Amino acid sequence: MRRTRCRRAARIGAVAYVAAMAVGGLLVGAHGPSPLDGLLFGLSQPGLNVLYVFVLMPLAVVFDGGGGAGDGGAGSLALACGLGAAVNVLLLRTVVCFARAVCADLPACRKRRTPAQ
């Protein structure tokens with residue numbers, strides 16, 4: 001029961017993080033440049049970099065676009081921050097799954113490495 005409660009809380013936290021980043025990007029984008037731009041971009045790193053390198057830059061090359069995600073106004077800033085936060089959630093989930101897999105295999109590895117007596 002405890003594990004499902006923890007997973008549910010993690011999912012709610014992830015959705016709240018992505019929604020807060022999207023709403024924050026929308027509000028900051030609607031009001032123009034502000035000191036909160038750096039905070040939003042900082043909170044959405046490294047997911048925002050992954051999004052730029054693997055999605056937006058290839059699309060700009062394919063469609064011969066000259067602008068980045070910040071050129072479109074409030075909507076594009078909200079989209080960039082929200083998608084960057086979603087990529088962060090996926091990266092964190094991958095790290096947690098990897099750590100669980102290593103922890104599950106660790107006792108078996110130790111048992112195999114123990115010399116026979």
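In this report, a helix is a DSSP run of type H or I with at least four residues and a strand is a DSSP run of type E with at least two, both numbered from the N terminus. Alanine 86, for example, lies in helix H4.

The structure is a predicted model, in which local features need pLDDT of at least 70 and side-chain atom pairs count only at pLDDT 80 or more, while totals for chains, interfaces and linings use all residues. Residues are numbered from 1 along each chain as its sequence is written, and side-chain values use heavy atoms, with hydrogens and water left out.

**Overall make-up**

The protein has four helices and zero strands, and from the N terminus on its elements run α-α-α-α. A residue is called buried under 20% relative accessible area, exposed over 50%, and partly exposed in between, with a 1.4 Å probe and protein chains only. By this measure, 19% of the 117 residues of the protein count as buried.

**The loop between H2 and H3**

Helix H2 (36-43) and helix H3 (47-63) are joined by a loop that holds serine 44, and glutamine 45 and proline 46 are found in this loop as well. The peptide bond from glutamine 45 to proline 46 is cis, with omega near -5°. In general, most peptide bonds are trans.

Serine 44 is buried, because its relative accessible area is 0%, whereas glutamine 45 is partly exposed, with a relative accessible area of 30%. Several polar contacts involve these loop residues, where a polar contact is a pair of N or O atoms within 3.5 Å; within protein, one atom must be able to donate a hydrogen and the other to accept it, and residues adjacent in sequence count only if both atoms are side-chain atoms. The table lists them.

| Partner one | Partner two | Distance |
|---|---|---|
| phenylalanine 41, backbone oxygen | serine 44, side-chain polar atom | 3.3 Å |
| serine 44, backbone oxygen | asparagine 88, side-chain polar atom | 3.3 Å |
| glutamine 45, side chain | asparagine 49, side chain | 2.8 Å |

Asparagine 88, which takes part in one of these contacts, is placed in helix H4 and counts as buried because its relative accessible area is 13%. Glutamine 45 and cysteine 81 are 36 residues apart in sequence, and their C-alpha atoms are 9.1 Å apart in space. For alanine 86 and leucine 48, which are 38 residues apart along the chain, the C-alpha atoms are separated by 9.1 Å. Alanine 86 itself is partly exposed, since its relative accessibility is 25%.

**Two surface patches**

Patches are made of residues with over 30% relative accessible area and no salt bridge, with like charges joined within 9 Å and nonpolar side chains (Val, Leu, Ile, Met, Phe, Trp, Tyr) within 5 Å. A salt bridge here is a side-chain nitrogen of Lys or Arg within 4 Å of a carboxyl oxygen of Asp or Glu. Accessible areas come from the Shrake-Rupley method with a 1.4 Å probe, and for residues only the protein chains shown count as cover.

The nonpolar surface patch covers about 940 Å², and its members include Val50, Phe54, Met57, Phe63 and Leu91. Its largest share, nine residues, comes from H3. Phenylalanine 54 is found in this helix, H3, and is exposed, because its relative accessible area is 62%.

The positive surface patch is formed by Arg3, Arg7, Arg11, Arg93 and Arg100. Helix H1 (2-31) and helix H4 (74-113) are the elements that give two or more residues to the positive patch, and H1 provides the largest share, three residues. Arginine 7 has its place in helix H1 and counts as partly exposed, because its relative accessibility is 38%. For such patches, Lys and Arg count as positive and Asp and Glu as negative, while His and the chain ends are not counted.

How values were computed: Charge placed at Lys NZ, Arg CZ, Asp CG, Glu CD.
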